[in-house]
Number of protein chains: 2
Amino acid sequence: MSIEFLIEARAGAARAGRLTTPHGEVETPVFMPVGTLASVKGVPQEVLEELGVEILLANTYHLYLRPGVEQVRKLGGLHRFMSWPRAILTDSGGFQVFSLNDLRKVSEEGVTFRSHLDGSSHFLSPESAMQAQIGLGADIIMAFDECTEYPAEPERVRASMELTLRWAERSKKYFEEHKNEVPWNKVSSFQFPVSGELEARNGKPETGNSERTQALFGIVQGGMDLALRKESAERTIEIGFPGYAIGGLSVGEPRHVTREIVEATVQHLPAERPRYLMGVGTPEEIVEYANLGIDMMDCVLPTRAARHGLLFTSEGRISIKQAQYAGDESPLDPNCGCRVCRRYSRAYLRHLYASNEVLAQVLNTIHNLSFYLDTMRAVRHSISLGRGARFLSEVWSRAKL
Amino acid sequence: MSIEFLIEARAGAARAGRLTTPHGEVETPVFMPVGTLASVKGVPQEVLEELGVEILLANTYHLYLRPGVEQVRKLGGLHRFMSWPRAILTDSGGFQVFSLNDLRKVSEEGVTFRSHLDGSSHFLSPESAMQAQIGLGADIIMAFDECTEYPAEPERVRASMELTLRWAERSKKYFEEHKNEVPWNKVSSFQFPVSGELEARNGKPETGNSERTQALFGIVQGGMDLALRKESAERTIEIGFPGYAIGGLSVGEPRHVTREIVEATVQHLPAERPRYLMGVGTPEEIVEYANLGIDMMDCVLPTRAARHGLLFTSEGRISIKQAQYAGDESPLDPNCGCRVCRRYSRAYLRHLYASNEVLAQVLNTIHNLSFYLDTMRAVRHSISLGRGARFLSEVWSRAKL
């Protein structure tokens, strides 16, 4: 057993559910904060818990390079390494290989690339990407895919999709043969009892989860071609995964195209499995895609924007660097109950940002994550009330973005 | 009324006391973390409260340049600006003017200097330094002094000491005439109720403290000359302040000289007034100086060292960047109960540091401050038990540094 997914309420295409992982439950639709190097930049794990984060995303590519998969594996896997008792998802590394490496070389076998850190040469294949993700030990891991560039010629899109399908088969094969190598039950004791949350959630210590394994999700590609997306979905489902992601979007295409592809692709995905839209989006987009039936999303936007002083509030976006906030004693967002809005003024946050103080990054990130998580809570609440298409505009008026 | 100081226990020259300020009580001997720009770099105020910080130091020079004194004053002063309900001390700006400005020009009137930010020209005098510190509204403010460089010729040391004495008179005169301009009671309401701590401590809201004023401390100079230190102490006491600082140390002189000057100077300071040793020191030094009868200290060392990966532990100093910690699952300090040591491993802290993650700075700073505050708590406890010279070696075995 790897994960369980229960849909508890529906409203139109949208669903509210509960994803049970080896490291706790995740209420869906869920936004997953990005912790690239096993850290959501600037935010301690205990604050993420306080914010109600139930699942984090970490990047295989970055962790593969630093501190290295073997190091994390020896330390008991990501959960133990970063002292995070709740769920984790890792991407396959494919997207970063494509986006961070101009000198990559793709073959049937896999991808040769150079480290963005030191230029050293590396090779990732479906097999080695699975090996890496098994070693890191996230609860949900992703098939190794090729993220098709945009724009691309039709033949190129098909060839890329076919390659991703062959890699999906190889990913699944390797995973099935090696899934018991996940580091969770190799560790005799969890030295940092942390919050005791694991035990509380699962009724038993982590080391008792030996019957549980990771869940490998497949990824649908097919560029901006609706027919190819349908074919990719059907053939990926044929291979068979406990969850399905929509990849290859947010790669430069217009927003309405993204929406069209998501809406069409979702219809070809099995209703009873979690659907993960990768790399999305703004507050308004995560609401919109939840409304289309997406269950999981991730994006660097709330954390990256925070580091650049762009803050999401119920009254719209705020660029905190602006001089107009220098004397503004009001909280960042009067409708937000996060520890930043409860305590600090816009004037102080503006001062921290303008003075290049590290605390600016810490506080801004906490608020933006809080806003995203609150938005998702509002979405789930609306779905659970069965408010079909109406819920969107209600959440809208809150997100107003 | 500005401050009250009660000595509750003595052990040899050492004293344990209670300093009551307009923003709460401070147990002494106390180590004051440095929050240069109204932020202890990387650490939210709620975490400082959790650590037991009762008084912070902020730098007038930096705040004068950014965001500017008038801005802070209009926002109700530093406490309200940074949402810190406990005590604050500001330095006079003099030390930074001397240490950060090669092009400064000292006259009888004051110091002309250029901003290290934009090269703009500024002038600080005893009067303007008082005006700035009254506007910032710390509980304890410092007379404007000249920090004599080291080494210096005897005539230069005397001339500098005499200047500091004249400036002390002018500082006191300006302060006495303007002390009611402190911004605390200009603010009709405290918009961020924060932790309710102020009310809890003082039995009344901040706005009710209108009868309280800041406390201006005098500063003893005199270089490394014991006779001049004695004269400086006596003549500063003659001017009359509610507390006295020893300045002009930790400017490059050998450690044994610092110790000798402190030990000799303390004997000339009134027993019933708080004694503040500026800019000191290592964990071993703060224990040593507390033992000599010092009540207050501040230093950037724990916070700055943290940012460079140098961590203080009960088992000695740790440079967390070292490869030997990459696989070390033990907590940073097995004898420390801070939130970092309770949750994270050395391996994870090493990874964060090596990966240049902002969380490294956040967690390292929290731990180092925790270590300093724990050390001071141990010192106070020893004094309260009346353990004269013996307490030092006992705390020693804990600090082992």
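Among contacts in chain A between residues at least 6 apart in sequence, those that join residues at least 24 apart account for 68%. The model examined here is predicted. Chain A contains 16 helices and 16 strands, and buried residues constitute 63% of its 401 residues.

Helix 6 of chain A, spanning residues 126–136, is mostly covered, with 9 of its 11 residues buried. The buried positions in helix 6 are A:P126, A:S128, A:A129, A:M130, A:A132, A:Q133, A:I134, A:G135 and A:L136. Just after this helix, A:G137 adopts a positive phi of about 75 degrees.

Aromatic contacts were examined over the whole structure. The search identifies 16 aromatic pairs over all chains. One aromatic cluster is formed by A:F31, A:F312 and A:Y372. In general, a pair of aromatic rings is described by the distance of the centres and the angle of the planes.

The relation between the two chains was considered next. Two copies of a chain are related by a rotation about an axis and a shift along it. Here, chain B is superposed on chain A by a rotation of 180 degrees with 0.0 Å of shift along the axis, at an RMSD of 0.0 Å. This is the relation of a two-fold axis. The same surface serves both copies, in that 100% of the contact residues of chain B recur in chain A.

The contact draws 48 residues from chain B and 48 residues from chain A. Between chain B and chain A, an area of about 3900 Å² is buried, and carbon and sulfur atoms give 51% of this area. The two chains are also joined by salt bridges, for which the count between chain B and chain A is 8. A salt bridge across the interface is formed by B:E329 and A:R80, whose closest N and O atoms are 2.6 Å apart.

Over all chains, the count of salt bridges comes to 58. Within chain A, A:R18 and A:E27 form a salt bridge in which the closest N and O atoms are 3.7 Å apart. Both partners retain some accessibility: A:R18 is partly exposed, with a relative accessible area of 24%, and A:E27 is likewise partly exposed, with a value of 29%. These two residues belong to a network of salt bridges that links A:E8, A:R18, A:E25, A:E27 and A:R380.

Salt bridges are also found within individual helices of chain A. In helix 7 (residues 154–178), A:K173 and A:E177 are 4 residues apart and therefore separated by about one helical turn. Their side chains form a salt bridge, with 3.2 Å between the closest N and O atoms. A:K173 counts as exposed, at 54% relative accessibility.

A further pair occurs in helix 9 of chain A (residues 226–239), where A:E231 and A:R235 lie 4 residues apart, about one turn of the helix. The side chains of A:E231 and A:R235 meet in a salt bridge with an N to O distance of 2.7 Å. A:E231 is partly exposed, with a relative accessible area of 22%, and A:R235 counts as partly exposed at 30% relative accessibility.

Cysteine pairing was assessed over all chains, and the structure holds 0 disulfides. Two cysteines of chain B illustrate this result. For B:C338, the closest cysteine sulfur, in B:C336, is 3.6 Å from its own sulfur, which is too far for a bond, because a disulfide requires sulfur atoms within 2.5 Å. B:C338 is buried, with a relative accessible area of 5%. For B:C299, the closest cysteine sulfur belongs to B:C147 and lies 14 Å away, so this pair is also too far apart for a bond. B:C299 is buried as well, with a relative accessible area of 11%.

Definitions and conventions. Residues numbered from 1 in each chain as written. Chains lettered and ligands numbered in written order. Predicted model: local features only at pLDDT ≥ 70, side-chain atom pairs only at ≥ 80, totals over all residues. Heavy atoms only, no water. Phe/Tyr/Trp six-rings, centres within 6.5 Å; stacked < 30°, edge-to-face > 60°. Buried < 20%, exposed > 50% of the residue type's maximum accessible area, 1.4 Å probe, protein only. Helix = DSSP H or I, 4+ residues; strand = E, 2+ residues; numbered from the N terminus. Least-squares fit on C-alpha atoms with pLDDT ≥ 70 in both. Contact = heavy atoms within 4.5 Å. Buried area = accessible area lost by both parts, 1.4 Å probe. Salt bridge = Lys/Arg side-chain N within 4 Å of Asp/Glu carboxyl O.
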